[in-house]
Amino acid sequence: MAFYKKFQSKLNDLWYPRAITTGIPITTDRIADKLSLQSTVTRGDTYAVLKNLGGVIADYMASGSTVKIDGIGTFYYTVATNKNGVATPEEVTSGQINGVRVRFIPEVKRSSGKQITTRSMVDADVVWMDIEKLANGGTSGGGSSNPGGSGSEGGEEQDPLG
């Protein structure tokens with residue numbers, strides 16, 4: 001079950017659901033445990049691979065590559081620049097870059113008609129529940145399944161802590 005809470009957009013004063021997380025983050029240990037149960041690889045081997053995955057991805061990305069992991073998605077860099085643009089392409093330099101971000105696009109599978117049929121890491125049967133109703137002892141869900149959305153609207157940044 002996934003959770004949402006209600007928030008009011010400052011842009012238009014309308015209310016929207018916002019996806020939130022609960023509890024503590026799932027650790028590498030727990031992921032290694034589950035992966036080892038679903039494969040023939042030991043927990044220790046799985047853990048070692050997971051611990052080194054970030055560094056391997058970073059090495060490839062630092063060399064200018066996009067990294068696509070089947071079943072997960074694609075990682076790539078974007079840059080933030082200072083507000084001082086230049087008049088000609090010849091004046092553009094790396095000195096204008098003042099930040100780097102890693103972006104991620106979840107893998108999608110498309111039908112022959114180019115329609116998205118599944119997205120990795122998005123369960124097709126997500127049941128959303130209002131966290132406030134849960135806190136107040138309610139048990140009914142929000143009545144919606146949202147297999148394609150992030151749970152927020154209006155271009156607001158997602159706050160993983162609610």
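Modeller: Two strands pair if DSSP finds at least two bridges between them. The strands themselves are DSSP runs of E, at least two residues long; helices are runs of H or I, at least four long; both are numbered from the N terminus. This is a predicted model, where local features need pLDDT of at least 70, side-chain atom pairs count only at pLDDT 80 or more, and totals for chains, interfaces and linings use all residues. Residues are numbered from 1 along each chain as its sequence is written, and side-chain values use heavy atoms, with hydrogens and water left out.

Biologist: What makes strand 1 and strand 2 a pair?

Modeller: Six bridges join strand 1 (residues 2-8) to strand 2, in the antiparallel sense. The definition asks for at least two, so they pair. Among the bridges, Phe3 is matched with Ile20, and Tyr4 with Ala19. Six residues lie between the strands of this hairpin, where Asp13 takes a positive phi near 60 degrees.

Biologist: Which strands are the edges of the sheet that holds them?

Modeller: The sheet is open, with three strands in the order 2-1-8 and mixed pairing. Strand 2 (15-20) and strand 8 (128-130) are the edge strands, since each pairs on one side only. From one strand to the next, the twist averages 45 degrees. That angle is taken between N-to-C directions of lines fitted to C-alpha atoms, on a scale from 0 to 180 degrees.

Biologist: What makes strand 3 and strand 4 a pair?

Modeller: Strand 3 (residues 67-69) and strand 4 share three bridges, antiparallel. Three meets the minimum of two, so the pair stands. One of the bridges links Ile69 to Gly73. Three residues separate the strands in this hairpin, and Gly71 in the turn has a positive phi of about 85 degrees.

Biologist: How many bridges join strand 4 to strand 5?

Modeller: Nine, and the two strands run antiparallel. Tyr77 has Val102 as its bridge partner in strand 5.

Biologist: Why is Gln96 called buried?

Modeller: Its relative accessibility is 14%. Buried means under 20% relative accessible area, exposed means over 50%, and partly exposed lies in between (1.4 Å probe, protein chains only). So Gln96 is buried. Gln96 sits in the loop between strand 4 (73-81) and strand 5 (97-106).

Biologist: Which residues does Gln96 contact?

Modeller: Beyond four places in sequence, its contacts (heavy atoms within 4.5 Å) include Ala80, Thr81, Asn82 and Glu91.

Biologist: What makes the link between Gln96 and Thr93 a polar contact?

Modeller: A polar atom of the Gln96 side chain lies 3.0 Å from the backbone nitrogen of Thr93. A polar contact is a pair of N or O atoms within 3.5 Å; within protein, one must be able to donate a hydrogen and the other to accept it, and sequence-adjacent residues count only if both atoms are side-chain atoms. The distance is within that limit.

Biologist: Which residues form the largest nonpolar core?

Modeller: Five: Ala2, Tyr4, Ala19, Val126 and Trp128. A nonpolar core is a set of buried Ala, Val, Leu, Ile, Met, Phe, Trp, Tyr and Cys residues joined through side-chain atoms within 4.5 Å. Ala2 touches Val126, Val127, Trp128 and Met129, leaving out residues up to four places away in sequence.

Biologist: Where does pLDDT stay under 50?

Modeller: Over residues 140-162. pLDDT is the predictor's confidence in each residue, from 0 to 100. Where it is low, the predicted coordinates should not be read in detail. The chain mean is 82, and 83% of residues reach 70 or more.
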